[in-house]
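Please take a moment to look over the sequence and the model before reading on. The paragraphs that follow go through the structure one part at a time.

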Amino acid sequence: MSLPIKISTSELAALIDEHLGVKNLDKNRSWKVLDSPISGRGVFASRDIAAGEIILRDVALLAGPKTNDTANVNTCALCCCHLEGNALDVMCKNGCTLPLCRTCASSNRHFDECELLKDWRPKDRNKINSHILRLISIVRCVFLQDQQQKLLNALQANSDKYYMVELQKAVACFENFPRHKEMLEYFYRTICAFNTNAFEGNCQTAEGEIRVRGLFPLAGLVNHQCTPNADHHFEDGQTIVLTATRAIRQGEEIFTSYTKLLWSNVMRNTFLMVTKKFMCSCPRCLDPTENGTYLSALFCRAQGCKGIVIPVQTKTLQPDWRCTTCESVFPHSKMARYQDFALNTINNRINKGSVAEMITFINDMCPRFCPSSNYVLVEAKLNVIWRMSRPTTEEFNEDHLKCKERYKEEIVALLEKLGAGDCTLKKLITEEIL
Ligand SMILES: C[S@@+](CC[C@H](N)C(=O)[O-])C[C@H]1O[C@@H](n2cnc3c(N)ncnc32)[C@H](O)[C@@H]1O
């Protein structure tokens with residue numbers, strides 16, 4: 001369920017223009033905001049767009065470090081750079097408990113935030129609290145101007161009891177967190193809007209890699225398809241760029257993918273349902289062969305059969321599975337256990353041993369229990385490519401290098417079958433931009 005939105009699509013489009021400002025609104029712009037036949041509002045091509053062309057550049061309304069509950073507290077709360085040193089070294093010396101780099105610690109931008117958090121009185125002033133660090137991108141909604149708050153409230157905000165838990169965890173970190181209804185509702189809506197629309201990612205800057213999450217009002221209006229026509233990357237901690245992965249005709253809706261491209265149908269839709277509260281019905285999701293990639297395929301469980309089974313129904317997260325050879329049908333519960341076994345067995349090996357051991361495992365062991373098209377095995381091959389492309393002390397012989405090339409060809413062929421165009425993943429693999 002989403003929280004109510006009390007604004008028309010044209011008013012929202014005007015707020016986005018204002019947000020981007022004249023500087024970012026070039027005359028040759030290629031997009032417009034309209035109602036979408038897929039869901040709510042969407043972004044559409046206002047002219048033909050060439051493959052590889054930048055569609056839009058959007059500026060964060062709210063942004064902060066990408067963190068989770070337990071890790072990454074060594075990230076600057078403001079510029080999101082990696083911080084060296086122990087918690088006490090990097091924590092703000094004025095008592096707000098945020099980790100900060102030297103430049104940000106003395107900046108005006110931090111001053112107001114620091115005063116606000118100190119006023120709320122963090123309970124434990126001697127340690128960095130990952131909840132507070134995660135909350136900081138939300139807390140920044142307090143400093144938005146009226147029109148920006150209006151824009152924030154115009155974004156779709158899916159509600160969920162776990163988002164309420166996120167708010168309760170935040171409240172529990174302070175002795176004096178504002179508890180009046182209006183403020184709590186504003187924070188709750190902002191958390192919901194973040195979970196519905198935000199982008200997370202890593203970005204290479206002159207100072208090193210930063211890890212950010214941000215709410216981008218225009219990019220956040222882009223709906224999802226599993227074979228999208230656009231891809232995104234962070235230009236810096238405040239700017240996101242959408243690029244066309246193939247030619248887009250005037251009037252077509254622009255889509256990105258909210259999931260990994262190479263996940264299976266069930267995996268993608270489970271993720272979409274949990275994180276974004278919808279199931280996709282794009283052509284790829286409706287095709288049990290997944291454009292002939294068989295990313296879901298598992299071996300048939302019928303005695304003596306060497307065929308593969310694939311989910312037969314679409315539009316459900318618990319489909320029956322049927323063998324493409326003997327046509328035996330298996331309930332989802334049985335195949336889900338088998339898929340989990342393959343996933344756990346393969347994931348337990350990833351990053352544990354050397355790359356050479358991983359290659360032997362993929363080539364010799366995995367084919368005994370997992371078809372080569374299964375997405376978990378595809379992900380394992382991607383992992384080998386990444387590890388071999390990064391600086392490492394491990395030495396590779398000719399066979400290893402040949403395997404890497406073969407894995408790359410297999411994955412590029414999969415992306416082609418899916419119609420993924422010049423997506424970031426293809427560029428990463430073929431151009432080795434890591
Ligand atoms: C980031 S927002 C996209 C913008 C949204 N349509 C709006 O009006 O603000 C994500 C939400 O849009 C909807 N959505 C996006 N792609 C969809 C799709 N392919 N099918 C159904 N709903 C979709 C879902 O409700 C999802 O939670």
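Helices, which are DSSP runs of H or I with at least four residues, and strands, which are runs of E with at least two, are numbered from the N terminus. With that numbering, R121 can be placed in the loop between helix 4 (108-120) and helix 5 (130-139) of this predicted model. R121 is not a glycine, yet its phi is positive, at about 60°. Its surroundings hold 13 C-beta neighbours inside 10 Å, and because a residue counts as buried only from 20 such atoms upward and as exposed at 12 or fewer, R121 is classed as partly exposed.

A second residue other than glycine with a positive phi is C80, where the angle is near 70°. C80 is also found in a loop, in this case the one between strand 4 (62-65) and helix 2 (87-90). The setting of C80 is nevertheless a buried one, because 29 other C-beta atoms lie within 10 Å.

The chain as a whole is divided into domain 1, made of the two segments 19-60 and 216-256, domain 2, which covers 62-214, and domain 3, which covers 267-430. Between the C-alpha centres of domain 1 and domain 2 there is a distance of 27 Å. Where these two domains touch, 13 residues of domain 1 are in contact with 15 residues of domain 2. On the domain 1 side, strand 8 gives the largest share, with three residues, and by class this side has six nonpolar, six polar and one charged residues.

Strand 8 also takes part in an open sheet of three strands, in which the order is 3-9-8 and the pairing is antiparallel. The edges of this sheet are formed by strand 3 (54-59) and strand 8 (230-236), each of which pairs on one side only, and from one strand to the next the twist averages 20°. Six bridges connect strand 8 with strand 9 (residues 239-244) in the antiparallel sense, and across this pairing F234 has I240 in strand 9 as its bridge partner.

Which residues does D231 contact, once its neighbours within four places in sequence are left aside? D231, which has its place in strand 8, is in contact with T243, T245, T256, C423 and T424. D231 is buried, since 22 other C-beta atoms are within 10 Å. The C-alpha atoms of D231 and A420 are 9.8 Å apart in space, although 189 residues separate the two in sequence.

Another antiparallel pair is made by strand 1 (residues 31-35) and strand 2, which are joined over five bridges, with L34 standing opposite G42 in strand 2. The hairpin of these strands has five residues between them, and in that hairpin G40 takes a positive phi near 50°.

G40 appears again in the surroundings of the ligand, where 19 residues form the shell and the closest are S39, G40, Q156, N223 and H224. At least two residues of this shell come from each of strand 2 (41-45), helix 8 (181-197) and strand 7 (223-224). Divided by class, the residues around the ligand are four nonpolar, twelve polar and three charged.

A further open sheet has four strands in the order 11-12-13-14, again with antiparallel pairing. Strand 11 (298-299) and strand 14 (329-330) stand at its edges, and because each has a single partner strand, one side of each is left without a neighbour in the sheet. Strand 11 runs antiparallel to strand 12 (residues 308-311), to which two bridges join it, and L298 stands opposite V309 in strand 12.

The loop between strand 13 (321-323) and strand 14 holds T325. Is T325 buried, exposed or partly exposed? With 13 other C-beta atoms within 10 Å, T325 is partly exposed. Apart from its neighbours within four places in sequence, T325 is in contact with C300, C305 and G307. The C-alpha atoms of T325 and E209 are separated by 49 Å, and the two residues are 116 residues apart along the chain.

Terms used
Residues numbered from 1 in each chain as written. Predicted model: local features only at pLDDT ≥ 70, side-chain atom pairs only at ≥ 80, totals over all residues. Pairing = 2+ DSSP bridges. Axes fitted to C-alpha atoms, helices over the stretch in contact; angles between N-to-C directions. Domains from an automatic or database assignment. Contact = placed C-beta atoms within 7 Å. Nonpolar A, V, L, I, M, F, W, Y, C, P; charged D, E, K, R; others polar. Near = placed C-beta within 6 Å.
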